[in-house]
Amino acid sequence: MPPPLTILLADDQVPWDTSAENDRAKEEIRREFATVRPKLDVDAAFAEDHAWFTGLLRYLEQTKGETVIRAPTFDQARRHIENPRGLDVAIVDLSWWGDYTLPHGAAHRHNRGLKL
């Protein structure tokens with residue numbers, strides 16, 4: 001059996017440790033999408049994505065025994081990518097609509113992950 005992988009999961013919707021932080025990401029998406037995608041049901045979409053990520057993390061960590069490093073902000077992801085020691089795989093989101101640390105607007109968030 002091969003040794004466990006160390007996986008960087010860099011995404012603004014990767015579940016945070018607290019509900020308050022998850023709510024902050026959701027509200028950031030709501031604010032950003034108010035003009036970009038005003039008809040999107042942010043609550044439903046966020047809940048669906050949260051459940052998907054939770055299932056993925058459970059599968060990778062508990063079922064497969066992999067180590068997952070979570071990077072819910074672009075800056076955290078950048079620091080891990082710039083110093084990738086120990087990483088086997090990096091999964092990087094392209095757009096960072098829910099990252100409250102970035103400047104507002106599509107010019108700063110849409111396809112930002114391409115810079116990584």
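**Notebook: salt bridges, a pocket and ring pairs**

I began with arginine 30, which at 29% relative accessibility counts as partly exposed, since that word covers values between the limits for buried (under 20% relative accessible area) and exposed (over 50%), with a 1.4 Å probe and protein chains only. I note that this is a predicted model, in which local features need pLDDT of at least 70 and side-chain atom pairs count only at pLDDT 80 or more, while totals for chains, interfaces and linings use all residues. Residues are numbered from 1 along each chain as its sequence is written, and side-chain values use heavy atoms, with hydrogens and water left out.

**Entry: salt bridges**

I looked up the partner of arginine 30 and found that it forms a salt bridge with glutamate 27, the closest N and O atoms being 3.0 Å apart; the term asks for a side-chain nitrogen of Lys or Arg within 4 Å of a carboxyl oxygen of Asp or Glu. Side chains of opposite charge can pair when their charged atoms come close. Both arginine 30 and glutamate 27 lie in helix α1, 3 residues apart, about one turn of the helix; helices here are DSSP runs of H or I with at least four residues, strands are runs of E with at least two, and both are numbered from the N terminus. Glutamate 27 is partly exposed as well, with a relative accessible area of 40%.

I then asked which residues are linked with Arg30 in a network of salt bridges. They are Lys26, Glu27 and Asp43.

Two further salt bridges went into the notebook. Glutamate 32 pairs with arginine 31, their closest N and O atoms lying 2.8 Å apart; glutamate 32 is buried at 4% relative accessible area, whereas arginine 31, at 33%, is partly exposed. Glutamate 61 forms a salt bridge with arginine 70, with 3.1 Å between the closest N and O atoms, and here glutamate 61 is partly exposed at 27%, as is arginine 70 at 32%. By this rule I have 11 salt bridges for the structure.

**Entry: the largest pocket**

Next I looked up the largest pocket, whose volume is about 200 Å³. On a 1 Å grid over the protein atoms alone, a pocket is an open set of points where a 1.4 Å probe fits, with protein on both sides within 12 Å along at least five of seven lines, whereas in a cavity the probe cannot get out; lining residues have an atom within 4 Å of a point. Grid points are joined across faces, edges and corners, and the volume is the space filled by probe spheres set on the points.

Of the 15 residues that line this pocket, Gln13, Ile29, Phe33, Asp49 and Trp97 are the closest to its centre. Which helix gives the most to the lining? I find that α2 does, with 5 residues, and that α1 (19–36) and α2 (42–63) each supply at least two. By class the lining has 8 nonpolar, 2 polar and 5 charged residues, where Ala, Val, Leu, Ile, Met, Phe, Trp, Tyr, Cys and Pro count as nonpolar, Asp, Glu, Lys and Arg as charged, and the others, Gly among them, as polar.

I followed glutamine 13 a little further, and it is found in the loop between β1 (6–10) and α1. Is glutamine 13 buried or exposed? Glutamine 13 is buried, with a relative accessible area of 17%. Leaving out residues up to four places away in sequence, it touches Ile29, Phe46, Asp49 and Phe53, contact meaning heavy atoms within 4.5 Å.

**Entry: aromatic pairs**

The structure holds 4 aromatic pairs; rings of Phe, Tyr and Trp (its six-membered ring) pair if their centres lie within 6.5 Å, and planes under 30 degrees apart count as stacked, over 60 as edge-to-face and the rest as tilted. One of them joins phenylalanine 33 and tryptophan 97, whose ring centres are 5.2 Å apart and whose planes stand at 70 degrees, so the pair is edge-to-face. Phenylalanine 33 lies in helix α1 and tryptophan 97 in the loop between β3 (89–92) and α4 (106–109), so the pair ties together parts that are 64 residues apart in sequence. I find phenylalanine 33 buried at 9% relative accessible area and tryptophan 97 buried at 10%.

Phenylalanine 74 and tryptophan 96 also form an edge-to-face pair, 5.8 Å centre to centre with 90 degrees between the planes. This pair links distant parts of the chain, phenylalanine 74 in helix α3 (residues 74–82) and tryptophan 96 in the loop between β3 and α4, 22 residues apart. Phenylalanine 74 counts as buried at 6% relative accessibility, and tryptophan 96 at 0%.
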